[in-house]
Amino acid sequence: MVYVFLADGFEIIEALAPVDMLRRAKIDVKTVGVTGNTVKSSCGVEVNADINFDEFCEEDVEAVILPGGMPGTLNLEKSEKVQHAIDSAVENNKLICAICAAPSILGHKGLLQGKNAIAFPGFESELAGAEISDKFVVTDGKFITAKGAGVATEFGLEIVKQLKGEELSESIRNTIQCQRKMN
């Protein structure tokens, strides 16, 4: 199962575009309400999470996704449950995906040390010890980071690629008419 953590102030495109790509790939994905069952995005749209955090099952995690947005990123970072889920994913060698400001959470934990990574412009200094990439979406080992909302579909397709292979990811790209970013 892939879990997408939603906290009040999350960036809606950064959360739901990857969910869309994963569901097109027939990958089990659930949104998790960190700050409640109904979570308000940074632009004011309310989203009903698939499950609340009490229903989150650490044992079946394939990947975790941290969408950015403000103050969503700060709300994710201050959640002890989210912090524990990240730690568990690291310990169990699961995929950890963060976009926009959210890679800063991984940077603050020291998880990007020596890794290629990217974040929203201005957050690079929060990626402690990372090699800052000039790409929009970067995979290094079990970490996928992305620059922002404009590459949320690309971010989702990269998660599909890492979980189910490039052929499926490219098939979905062609189906939705998504042109590959050159960077």
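Buried means under 20% relative accessible area, exposed means over 50%, and partly exposed is in between (1.4 Å probe, protein chains only). Keep that scale at hand for the exercises below.

The model is predicted, so local features need pLDDT of at least 70 and side-chain atom pairs count only at pLDDT 80 or more, while totals for chains, interfaces and linings use all residues. Residues are numbered from 1 along each chain as its sequence is written, and side-chain values use heavy atoms, with hydrogens and water left out.

**Exercise 1. Work out how helix 5 and helix 6 are oriented and which residues join them.**

Step 1. Start with the elements: helices (H or I, at least four residues) and strands (E, at least two) are DSSP runs, numbered from the N terminus. Helix 5 covers residues 152-164 and helix 6 covers residues 166-176.

Step 2. Take the geometry. Axes are lines fitted to C-alpha atoms, for helices over the stretch in contact, and angles run from 0 to 180 degrees between N-to-C directions. The two helices pack at about 150°, with axes 7 Å apart. This makes helix 5 roughly antiparallel to helix 6 (under 35 degrees counts as roughly parallel, over 145 as roughly antiparallel, 65 to 115 as roughly perpendicular, and the rest as oblique).

Step 3. List the contacts (heavy atoms within 4.5 Å). From helix 5 come Thr-153, Glu-154, Leu-157, Val-160, Lys-161 and Lys-164, and they meet Glu-166, Leu-168, Ser-169, Ile-172, Arg-173 and Ile-176 of helix 6.

Step 4. Sort these residues by type: five are nonpolar, two polar and five charged. Here Ala, Val, Leu, Ile, Met, Phe, Trp, Tyr, Cys and Pro count as nonpolar, Asp, Glu, Lys and Arg as charged, and the others, Gly among them, as polar.

**Exercise 2. Trace the salt-bridge network that joins Glu-154, Glu-170 and Arg-173.**

Step 1. Fix the criterion: a salt bridge is a side-chain nitrogen of Lys or Arg within 4 Å of a carboxyl oxygen of Asp or Glu. The structure holds six of them.

Step 2. Find the link between helices. Glu-154 and Arg-173 form a salt bridge at 2.7 Å, N to O. Glu-154 belongs to helix 5 and Arg-173 to helix 6, so the pair ties together parts 19 residues apart in sequence.

Step 3. Check burial. Glu-154 is buried at 11% relative accessibility, and Arg-173 is buried at 4%.

Step 4. Add the second bridge. Arg-173 also meets Glu-170, at 3.3 Å, N to O. These two are three residues apart in helix 6, about one helical turn. Glu-170 is partly exposed at 22%. Through shared partners, the salt bridges join Glu-154, Glu-170 and Arg-173 into one network.

**Exercise 3. Describe helix 1 and the salt bridge between Arg-24 and Asp-20.**

Step 1. Compare length with expectation. Helix 1 (residues 12-24) has 13 residues and reaches 18 Å from first C-alpha to last, close to the 18 Å expected at 1.5 Å a residue. The expected span is 1.5 Å times one less than the number of residues.

Step 2. Pick out the buried residues of helix 1: Ile-12, Glu-14, Ala-15, Ala-17, Pro-18, Val-19, Met-21 and Leu-22.

Step 3. Look at the bridge. The closest N and O atoms of Arg-24 and Asp-20 are 2.4 Å apart. The two residues are four apart in helix 1, about one helical turn. Arg-24 is partly exposed at 42%, and Asp-20 is partly exposed at 32%.

Step 4. Finish just after helix 1, where Lys-26 takes a positive phi of about 60°.
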